[in-house]
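Student: I have a model open and would like to learn how to read it. Where should I begin?

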Amino acid sequence: LKMLRFAPLILLVGSAYSQSACSAPGDLCLQASNGNTVCSPCPGGYECRPWIGSSGNPGNSHCQSITCLAVGDSCANRVGVCCTGSTCTADGNGGRNCVADPTTTTTTTTTTTTTTTTTTTTTATTTTTTKKPCNWGGWKPWGGWGHHGGWGGH
């Protein structure tokens, strides 16, 4: 019976530590340092996700959009992550918006080399000149004197 007297006190203390529903996108919903839930659930279309800081490490969790944020959407206050191909960028007026990443143009240059082969044909011409034997007064060293008379004649 003594235990029942303390039951209402336990219920009262337990309800003091219950969290309330998150009220807006970007709300802190879970503390990374101690694992305490700050609020739950997140508004419709949002869920409690760790925020990845500039160091690349997860930090506290915030109510973030279930879908990625499109180009032109506000990305301020940790409401979500920009879609691939865009980056959350300061707009100069204190806000942040998803902006399309600059495109990179690649120029390819093709060089064609043409090789021309020239073949030169050299033709050697040999001219043979047959010299007539000297006429030594009709005498021929291989056959005597002239063709009329002398030795070796007819």
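The dialogue below takes up confidence, strand pairing and charged side chains in turn.

Tutor: Begin with confidence, as this is a predicted model. Where pLDDT is low, the predicted coordinates should not be read in detail. Here the protein chain has a mean pLDDT of 77, with 58% of its residues at 70 or more.

Student: Which element has the lowest mean pLDDT, and which the highest?

Tutor: Helix H1, residues 2-16, has the lowest mean, 44, and E1 has the highest, 98. Within residues 6-16 the pLDDT stays under 50, and the model shows zero contacts for them beyond four places in sequence. Residues 150-154 also have pLDDT below 50, but that stretch makes seven contacts in the model beyond near neighbours in sequence.

Student: How do I read a sheet? In what order do the three strands lie?

Tutor: Follow the pairing from strand to strand. The open sheet here has the order E1-E3-E2, with antiparallel pairing. Its edge strands are E1 (28-30) and E2 (46-52), each of which pairs on one side only. On average, neighbouring strands of this sheet are turned by 45 degrees against each other, direction ignored.

Student: How many bridges link E1 to E3?

Tutor: Two bridges, in the antiparallel sense, link E1 to E3, which covers residues 58-65. To see the register, find Leu28: its bridge partner in E3 is His62.

Student: And a hairpin? Which strands form one, and what lies between them?

Tutor: Look for two paired strands and the turn that joins them. E4 and E5 form a hairpin with five residues between them. In that turn, Gly92 has a positive phi of about 90 degrees. The strands themselves, E4 at residues 86-90 and E5 at residues 96-100, run antiparallel and are joined by five bridges. For the register, Thr89 stands opposite Asn97 in E5.

Student: Last, charged side chains. Which residue forms a salt bridge with Glu47?

Tutor: Side chains of opposite charge can pair when their charged atoms come close. The cut-off used is a nitrogen–oxygen distance within 4 Å, and the count comes to one salt bridge. Glu47 pairs with Arg49, their closest N and O atoms being 2.7 Å apart.

Student: Why do Glu47 and Arg49 count as partly exposed?

Tutor: The partly exposed class lies between buried, under 20% relative accessible area, and exposed, over 50%. Glu47 counts as partly exposed because its relative accessibility is 35%. Arg49 falls in that class because its value is 26%.

Conventions. Residues are numbered from 1 along each chain as its sequence is written. This is a predicted model: local features need pLDDT of at least 70, side-chain atom pairs count only at pLDDT 80 or more; totals for chains, interfaces and linings use all residues. Side-chain values use heavy atoms; hydrogens and water are left out. Two strands pair if DSSP finds at least two bridges between them. Helices (H or I, at least four residues) and strands (E, at least two) are DSSP runs, numbered from the N terminus. Axes are lines fitted to C-alpha atoms, for helices over the stretch in contact, and angles run from 0 to 180 degrees between N-to-C directions. Buried means under 20% relative accessible area, exposed over 50%, partly exposed in between (1.4 Å probe, protein chains only). pLDDT is the predictor's confidence in each residue, from 0 to 100. Contact means heavy atoms within 4.5 Å.
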